[in-house]
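Student: Please take me through one part of this model closely. I would like to look at the place where the two chains meet, and then at what lies around it.

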Amino acid sequence: MKPSAILVAVLLALLTLPPAPAEARIKLITLPVRERVEVQLDHPDFTLVEEERVVPLVAGVNQVDFSWANTQIDPSTIIFRLVEDDDDPAEVNVLSVTYPPNENALVWQVASDRSASARVRISYLLGGLTKDFNYRAVAEHDESALTLSQYVRVRNFAGEAYADTEIFAGLGATFLKPIGVNQTKQMLVQRLADVPVTKTYTADLHRFGWLDAAQYKLRVPMHYRIDNTAENGLGNEALPAGKVRIFQRDAPGSDATTAFLGEDLADHTPVGNHADLFLGVAQDIVVKRTVEARKDDRVAGNLFHRRVTLKYEIENFKDTPVTLNLAEQIEPLRQELGLASNQPAEWALGDATTFPAGPLADETDQTVVTHSIDLPARSGDEAETVTVFLELVFRNQWN
Amino acid sequence: MPNTHRNKLLPCLIVFLGALGVLGGSTSAANNIDLSTVPDRDTVQLTIYNSEDLTLVRETRKVVFREGNNPLQFSWAGTLIDPTSVQLRFLSHADKLDVLDTTFPHDRPQELTWNVGSEHAGEATIEISYFTSGVTWSADYVVIADADESSAAVEGHVTVHNRSGEDYDDAQVRLVVGTINLVEQIAELARQQGKSFEQLRENEVQTLRPRAARMMLGRAEAASDLAPSAPAPKQIVKQGLSEYFIFTIEGTEDIPNQMRKRLPSFAADAVPLRVQYRYRPRQYGDRLARLYLMTNDAASDLGTSPLPDGQARVFRRKSADAPGLSFLARQSIRYIPVGEDFELDLGTDPDVGFELITKRIYRENVWLRLRGANVFRRVGQPGVAIDDRSTVAGWDQHAVIVRRVRNDTPRKIDVEIRQAVPGDATFISRLDATRFDNQTVVYGGTLEPGQRYDAMYEIVTRQGRNAKQSRVEIVAGDPGPRK
C-alpha cells in the first residue's frame, strides 16, 4: 500500500522546556498511527476528516508534528482536540502552533502534566474526497409501485488512503469501509420497496416544446411521480439530487426480468414534495394545440382586456385510459401571442374554457395554469378525439 | 525552526573600541583597522499594529561606556526597519549620557552611528526603538456547538506572522486591536510644527502617521512580565487603552523570521447560543440564512475584551456522547465590542424549505388622462364617458403572495422575514407584521418539526399618478380581492 501522505510525529529528543534547537542532529520520533478515521460528507461543499491517534506525551512540553504531502488539506481548518477516554486523564494543553515556512506542516507545542498516552482527534477539511448520490428505480409491471435503491458514491482523489473508515454521507447509516487513493466506492444507503408511483403525462408547450410544430402537435413527456411522504414509506429525510436509472419489470411475478426505461437527474426533493422522473415522450397520446380566437375588449382609452382561446384536440391511442395534464406558462404565452407589456399579467379564465374541472390548485399560480383531463382508452382501431378550450383573459392591459 | 540563530546580524549594535569616531570622522581613509564589540539584546518587545503594517520594536542592551566620546553603530541590513524611526534612549545614567551627533553614512543606507558623550565610566542600559513593517497578526476562532445547539465552545486564537527579515527571540509580544484613529496625534504633531491639521497635505499626514502611531503606542503601559510557572497555555492579557485594546501575550515568545505562530487567546466552554433563520436580502442575499446568535459578554463566559476581526470556523457535535463533528461554515467576523451581539451565518439549511409563490396579480383603481388635457377619469365610474384616446395614468397593483416555509428539521425553528416593500404600498395580512423602517416589513414565528407554513399577504402598490408617497403601511386584513 502507498505510504500515508499524512504524518503525525512526536519528537522525543526535544521534550522539555526550553525547546532545543531544531537543527539537532540526533532525533527520536514516534509515529502514532491512526486508531480511527471518520469522514463526514454531510456538508454539501466540504468534507471533514477526523482521525484519532494515541500520542505518547511526556511530562512537560512536547512537539507534535503534523505534516502532509500531495493532499488538499486546508491548513487553516486543522483542529487538535483531546478525547477524554480515561477516568483520570492527563492535563494536556496546546500551548502554541507554529507553521514552518514553505512546508505543508505544523507543529503543536503540547504540554502534559505527566507522562501518558493521550487520545487526540485531529480534524481538517480535505479537498478531493467527494460524494454524490444515485438511484435505481425498478417499477412493477403495472407501474403502480417501484423499488427505490439509494446509493452514495464516494470518490477519493484526495491523495490519501484511509483504512477502515467511518463514512457518513449525510443521511442513512454510517459505513465502515476502507477507501484507497483514487478509489471510487459505491454503497447502498437504503432500499425501499413498494413505493407508490404515479405515471403522469404532461403537455406544456413552453416547457417541453412541440413534437411536430408544423402540425401543431405538442410533446407529451411521461414521468413517474414519487411523493416523498411517510404514507409512501419515504418522508424521513430529503432525497438528495442524483441520477436515477429507471427500469420496469417486463412481467408480473418475482421471476420477471427488468427492462431499462431511461435515466434522469432528480432534483433535491424535500420531505412533502415530489420528484418527477422523466421516462421519455409518449407516442400514443397526440395533443394538437391551436389558437382558436383572439379578441380585445376596450375598457376605456388605451386600457383593454385581451382575450385568447386555445383549442386542444387530444387522442389517446393507448388501450388504457390516462390522465393528461395541460399547462400554459403565462408570460411565455403572452410573448408567443404578441401580448407582452411592461406590466405583469393580470390573468383570469374566460367563459369559453371547457375543461370539466377547474385548474389544479397546486400547479397553478400567477405564472402557470394547469388543468387535468381524463382520456378514455382507444376502442378498437379508433381513438376518440377529446376537444377542450382554454380561454385566458389578460385584464387591464395597455401598451 | 524556532531557535535558529543565523549569522545575518540583523539589526546589530557595534561598539567601537579604537579611536574611530572620537572626532566623528568615522569615514576617514586612515581608519581601516577597527576593533568593536557586539552587545546582545537583553530584552525585546514587539507592539504589532496591524492596521498600519507597523510594529514598534523596543530592545534594551547593556553597553559599557568610557568617559568621553563613544561611537555606537546600529545597522539593520535586510530588514524592513523604517530608518527615520530609530531612536536611542538611556535607561540608566541618563543624566550622564548624551547623543552628541548621529551620522548616516552615505554608502551604507541601513546603518547609522551615534556618537555618545559620556560622563560615566561603566555599564549602562540603553533602549533602541524603531518601527518595522512585515510583522502582522490575525485572530481566528473555532466554534463547536453542542449537538442540541443550545451552547457552543468558543476558542479564540492569535497568529503572529513575521516577514520582517529579523528574528525576534524571547520577545514580549503585544497586539493592538482595532484601527487607531491617529488624527488627534497627527494634529498634535502638526501643532508642534506650527500648522493645523487642516493645513497638512496628504503626504505630510502620511509622514506623520508613524510618529503619531508611536506617540499613541508609547502611552500604553507595558504589561507586567509574568514568568510561566508551569507548562500551561499562556494567558493573553487584554488591556483597554483609550479607544483600543492591547493584547499582551504572557511571557516571551521566539518569533523567527518567516515563521507563523498561533497561540490560544481565550476559551469559553459553554457560550449560550440561539438559532434563528432570517430572510434579510440586503444583509444575507436572497436566501433564508441559518444563524447562530451569541453575545460577547460576561454572562456568556466572554466579554473580557473585544473580539478582533478574524476567521471563524464553525462545527457542531454530531451527538452529545461522541466526539465526532460536522463542519457547518467558515466565515469572517468583524470586530465585536464588549457587550455586543454577534452572529455566525451558517448558510442555507437544506432541511428548511423557503419558497416565494405569487398567487395572482390584479389591478384596480385605474385612472386615465384625457387626451390633450390635464384631466383624469377613473375607470368604472358610473355615468362618466372616457374618450378612446385617453391613456392610463395611474393604477393600484395588487399582488397576492405566499411565503412558504417548511421545517423538516427535528427541532422547532424560529424564522424572521424582513422584506423590502418599495413605493407607496400597503401590506395586508393576518400576520403579526411590523414595520422595520419606511420601506421594510418584518414578520415571523416558530415552526414545529414537520410543519409547513404558508404566510400569505397582499401588497398593494400605487403606481403612476396614484403614488403619493414612498412608504409601506401595514393593514390587518385578508389577502385577496375584496369584491
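Tutor: What follows starts at the contact between the chains and then moves outward through each chain.

The model is a predicted one. Chain A averages a pLDDT of 91, and 95% of its residues score at least 70. The confidence is not even along the chain: among its elements, strand β2 (residues 29–30) of chain A has the lowest mean pLDDT, 76, whereas strand β18 (residues 217–218) of chain A has the highest, 98. Residues 13–22 of chain A stay under a pLDDT of 50, and for them the model has 25 contacts beyond four places in sequence.

Now the meeting place itself. In the model, 49 residues of chain A are in contact with 45 residues of chain B. On the side of chain A that touches chain B, the elements giving two or more residues are β3 (34–40), β4 (48–57), β5 (60–68), β8 (92–99), β10 (116–127) and β23 (285–300) of chain A. Of these, β8(A) gives the most, with seven residues. Sorted by type, the residues on this side of chain A are 26 nonpolar, 16 polar and seven charged.

β8(A) also takes part in strand pairing across the two chains. It pairs with strand β16 (residues 260–272) of chain B in the antiparallel sense, over three bridges. At one position in this pairing, V97(A) stands opposite R262(B) in β16(B).

The nonpolar residues can be followed from here into a core. The largest nonpolar core has 67 residues, and those touching the most other members are V64(A), V143(B), A152(B) and Y292(B). The largest share of this core comes from β10(A), which gives six residues. Y292(B) can be looked at singly: leaving out residues up to four places away in sequence, Y292(B) touches A145(B), A152(B), L273(B), V275(B), V314(B), E343(B), L344(B) and L346(B). Another core, of 48 residues, lies apart from the largest one, and its members include L218(A), V287(A), L310(A) and F394(A).

Next, chain B as a whole. Chain B has three helices and 30 strands. Of its 483 residues, 36% are buried. Among its contacts with a separation of 6 or more, 71% are between residues 24 or more positions apart.

Strand β3 (residues 41–49) of chain B shows how such strands are joined. On one hand, β3(B) pairs with strand β4 (residues 54–65) of chain B in the antiparallel sense, over eight bridges. Within that pairing, T43(B) has T60(B) as its bridge partner in β4(B). The two strands form a hairpin with four residues between them, and D53(B) in the turn has a positive phi of about 45°. On the other hand, β3(B) is joined by six bridges to strand β12 (residues 168–177) of chain B, and these two run parallel. Here L46(B) stands opposite V173(B) in β12(B). As a general point, side chains in a regular strand alternate between the two faces of the sheet.

Chain A has a sheet to set beside this. Five strands of chain A form an open sheet in the order β22-β19-β16-β25-β27, with mixed pairing. Its edge strands are β22 (274–281) and β27 (368–375) of chain A, each of which pairs on one side only. From one strand to the next, the twist averages 30°. Strand β19 (residues 221–227) of chain A and β22(A) run antiparallel and are joined by seven bridges. In this pairing, M222(A) stands opposite G280(A) in β22(A).

Two single residues remain. K318(A) lies in the loop between β24 (303–316) and β25 (322–329) of chain A. K318(A) counts as partly exposed because 17 other C-beta atoms lie within 10 Å. Apart from neighbours within four places in sequence, K318(A) is in contact with D284(A), A377(A) and R378(A). K318(A) and Q183(A) are 135 residues apart in sequence, and their C-alpha atoms are 47 Å apart.

R369(B) lies in strand β22 (residues 352–369) of chain B. R369(B) has 19 C-beta neighbours inside 10 Å, so it is partly exposed, since a buried residue needs 20 or more. Beyond four places in sequence, R369(B) is in contact with F376(B), S390(B), T391(B) and A393(B). The C-alpha atoms of R369(B) and G251(B) are separated by 82 Å, and these residues are 118 apart along the chain.

Note on methods
Residues numbered from 1 in each chain as written. Chains lettered and ligands numbered in written order. Predicted model: local features only at pLDDT ≥ 70, side-chain atom pairs only at ≥ 80, totals over all residues. Pairing = 2+ DSSP bridges. pLDDT = per-residue confidence, 0-100. Contact = placed C-beta atoms within 7 Å. Axes fitted to C-alpha atoms, helices over the stretch in contact; angles between N-to-C directions. Nonpolar A, V, L, I, M, F, W, Y, C, P; charged D, E, K, R; others polar. Buried ≥ 20, exposed ≤ 12 C-beta atoms within 10 Å, placed from the backbone. Core = buried A, V, L, I, M, F, W, Y, C linked by C-beta atoms within 7 Å.
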